[in-house]
Amino acid sequence: MMHTTLKSLVLACCLFFASVAQAASADPVLAKQVNAFVDAWHDDAAHARMAYFDKMAPDGVYIGTDRSELWQRDDFKAWARKYFEGKTSAWSFKATRRNVYTAGDGKLIWFDELLDTPNMGHCMASGVIRKTNKGFEILHYQLSMAVPNEIAKQVTALVTKAEAAPAR
């Protein structure tokens, strides 16, 4: 499992860095399509629809805010099932800003976004999307909590303390 996940992560990073030199903001039509796709993906989670996972590539990777959260799609789906089944909402991310970029032929797209969330406050995320004949699919998504620089040392101290505490 981890070996395949690592391979997917390395592939996504290589594709991303190989494309940076040719990167440009996506044309407005593509950006609108990508925004609709990512917004729909977030909406699936906000309404606990399992279709959320269908928008991820089979080899897609999701990196959450906890350092243990490095998931390949199917493992992520199995872990998250408890947040979706029988619920009205799994988690809620509302993008307040998103930048969309593309390389060359527009088949590889990446984005960064600022998010408002009810349970984690302001977050940031980035993702890589592949455009296929069937539509878009998320290859890689990384979520992080936005920590103001002024309190970074306090947050670091809290994390260090939490990680040093005995497991419960």
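**A mixed sheet, its helices and its salt bridges**

Ile151 has a relative accessibility of 35% and therefore counts as partly exposed. In this predicted model, Ile151 sits in the loop that links strand 7 (135-145) with helix 5 (152-164). Together with Met145 and Val147, Ile151 makes up a nonpolar surface patch whose combined accessible area is about 230 Å². For the chain as a whole, the exposed area is about 10100 Å², and 58% of it comes from carbon and sulfur atoms. Of the 168 residues in the chain, 36% are buried.

Turning to the fold, the chain contains five helices and seven strands. Read from the N terminus, these elements follow the order α-β-α-α-β-β-α-β-β-β-β-α. The seven strands build an open sheet of mixed pairing, ordered 1-4-5-6-7-2-3. Its edges are strand 1 (24-25) and strand 3 (70-72), each of which pairs on one side only. Strand 3 runs antiparallel to strand 2 (residues 56-63), and three bridges join the two. Within this pairing, Val61 is found opposite Gln72 of strand 3. Helix 4 (residues 73-84) lies across strands 2 and 3, at about 110° to strand 3. As for contacts between residues at least 6 apart in sequence, 52% connect residues at least 24 apart.

Salt bridges offer another view of the structure, and a search of the whole of it returns 11. One of them pairs the side chains of Asp59 and Arg130, at 3.2 Å from N to O. Since Asp59 belongs to strand 2 and Arg130 to strand 6 (residues 121-132), this pair ties together parts that are 71 residues apart in sequence. Both partners are partly exposed: Asp59 has a relative accessibility of 26%, and Arg130 has a relative accessible area of 26%.

A second salt bridge joins Asp44 to Arg49, with 2.8 Å between the closest N and O atoms. Here the partners fall into separate classes, for Asp44 is buried at 5% relative accessibility, whereas Arg49 is partly exposed at 34% relative accessible area. The two residues also take part in a network of salt bridges that links Asp43, Asp44, Arg49 and Lys55.

A further salt bridge is formed by Asp74 and Arg73, whose closest N and O atoms are 2.9 Å apart. In this pair the aspartate is the partly exposed partner, Asp74 having 46% relative accessibility. Arg73, at 17% relative accessibility, counts as buried, because the cut-off for that class is under 20% relative accessible area.

Terms used:
Residues numbered from 1 in each chain as written. Predicted model: local features only at pLDDT ≥ 70, side-chain atom pairs only at ≥ 80, totals over all residues. Heavy atoms only, no water. Helix = DSSP H or I, 4+ residues; strand = E, 2+ residues; numbered from the N terminus. Buried < 20%, exposed > 50% of the residue type's maximum accessible area, 1.4 Å probe, protein only. Contact = heavy atoms within 4.5 Å. Areas by Shrake-Rupley, 256 points an atom, 1.4 Å probe, with all protein chains shown as cover. Pairing = 2+ DSSP bridges. Axes fitted to C-alpha atoms, helices over the stretch in contact; angles between N-to-C directions. Patch = residues over 30% accessible without salt bridge, like charges linked within 9 Å, V, L, I, M, F, W, Y side chains within 5 Å. Salt bridge = Lys/Arg side-chain N within 4 Å of Asp/Glu carboxyl O.
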